[in-house]
Amino acid sequence: MSYATLIVEANAQGNKGVTLVTLNRPKALNALNSEVLRELIEAFAAFEADPEQLCAVITGSGEKAFAAGADIKEMSEKAAADFYLEDFFAAWTSELVKKVRKPWVAAVNGFALGGGCELAMMADFILASDKAKFGQPEINLGVAPGMGGSQRLTRAVGKSKAMEMCLTGRMMDAAEAESAGLVARVVPHDDLLEDALKTAAAIASKPPMAAIANKEMVNAAFETTLELGLAHERRIFQILAASEDKAEGMAAFIEKREGRWKGR
């Protein structure tokens, strides 16, 4: 499938099972308009449906930006009633998260501001270039985050820092983002994509059903109490204990060989 605003590569750069999704509007610093977001939903639906693709990486084209926010020109022409009646942003804040069970990683190569920061936070984790910058500057436009910025940022970095960033609109650099818990690791800029694809390939090499289950378990920690989360964890473990991959994985460990996964 071809896209107008994305470049999608399966088995990216020879990494089996890894899909690379690149935001491809470099002249607009990869700003997110309705077409980009619609195509992202389509691309990730195709990734989710392909049994051969087991982990995805999303990044931005060009040297400056992952995605420097939503497309302000498009939004400036919408009336409040349009935003409300269309339930604008609703599909993007949920579909990329709830409907994609397989792991996916954001490789943030530059500015991730507003909607760009929100998109990165939808990923299972973020790897950041040492040139990356994060922010929710919507207040400077007289509005507020609309794709999860006030919610996911607060869960990632805590109330004080999230409140400060949303109220001042200031940007956080990669080092601060890592120390605050927003990103998993900071990588030298020129090594970012290679590192991200290598990380995704490592995930893709794991038992597929177990990868989905581990993702589900960690996400559940944000949605429930500790007691219910522990019960959920045990049930998922028990389900995995009945899988063919569990039997294979333990046999491979005992026999000191690589596992041969079936995803069942």
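**Exercise 1. Decide where Lys-256 is found and whether it is buried or exposed.**

Solution. Begin with the location: Lys-256 is found in the segment after helix 12, the helix that spans residues 244–255. The model is a predicted one, and in it the phi angle of Lys-256 is near 55 degrees, a positive value in a residue other than glycine. Next, take the relative accessible area of Lys-256, which is 78%. Exposed means over 50%, and Lys-256 is therefore exposed.

**Exercise 2. Carry out the corresponding analysis for Leu-29, giving its phi, its place in the chain and its exposure class.**

Solution. For Leu-29, phi is near 55 degrees, again a positive value in a residue that is not glycine. As to its place, Leu-29 lies in the loop between strand 2 and helix 1, the latter covering residues 34–49. The last step uses the relative accessible area of Leu-29, which is 32%; since the partly exposed class lies between 20% and 50%, Leu-29 is assigned to that class.

**Exercise 3. Describe how strand 3 is covered, which way its residues point, and how it pairs with strand 2.**

Solution. Strand 3 comprises residues 55–60 and is mostly covered, with six of its six residues buried. Sorting these residues by direction, one finds that Cys-55, Val-57 and Thr-59 point one way from the strand, while Ala-56, Ile-58 and Gly-60 point the other way, and all are buried. Turning to the pairing, strand 2 (residues 18–23) runs parallel to strand 3, and six bridges join the two. One of the contacts can be named by residue, for Thr-22 has Thr-59 of strand 3 as its bridge partner.

**Exercise 4. Explain why strand 7 is largely enclosed, and trace its pairing with strand 5 and strand 10.**

Solution. The first step is to count buried residues: four of the five residues of strand 7 are buried, so the strand is largely enclosed by the rest of the structure. The second step is to follow its pairing with strand 5 (residues 104–108), to which strand 7 is joined in parallel by four bridges, with Ala-107 standing opposite Leu-127 of strand 7. The third step concerns strand 10 (residues 185–187), which pairs with strand 7 in the parallel sense over three bridges; here Ala-128 has Val-186 of strand 10 as its bridge partner.

**Exercise 5. Work out the strand order of the open sheet of four strands, and say which strands stand at its edges.**

Solution. The order of the four strands is 4-6-8-9, and the pairing in this open sheet is mixed. Strand 4 (65–67) and strand 9 (172–173) each have a single partner strand and stand at the edges, so one side of each is left without a neighbour in the sheet. Within the sheet, strand 6 (residues 111–113) pairs with strand 8 in the parallel sense over three bridges, and Phe-111 has Lys-133 in strand 8 as its bridge partner.

**Exercise 6. Identify the residues of the negative and the nonpolar surface patch, and locate one member of each.**

Solution. The negative patch is formed by Glu-63, Asp-130, Asp-190, Asp-191 and Glu-194. Of these, Asp-130 is found in the loop between strand 7 (125–129) and strand 8 (133–135), and its relative accessibility of 46% places Asp-130 in the partly exposed class. The nonpolar patch consists of Ile-72, Leu-141 and Val-143, which together have about 280 Å² of accessible area. Val-143 lies in the loop between strand 8 and helix 6 (149–157).

Technical notes. Residues numbered from 1 in each chain as written. Predicted model: local features only at pLDDT ≥ 70, side-chain atom pairs only at ≥ 80, totals over all residues. Heavy atoms only, no water. Patch = residues over 30% accessible without salt bridge, like charges linked within 9 Å, V, L, I, M, F, W, Y side chains within 5 Å. Areas by Shrake-Rupley, 256 points an atom, 1.4 Å probe, with all protein chains shown as cover. Salt bridge = Lys/Arg side-chain N within 4 Å of Asp/Glu carboxyl O. Lys, Arg positive; Asp, Glu negative; His and termini not counted. Charge placed at Lys NZ, Arg CZ, Asp CG, Glu CD. Buried < 20%, exposed > 50% of the residue type's maximum accessible area, 1.4 Å probe, protein only. Pairing = 2+ DSSP bridges.
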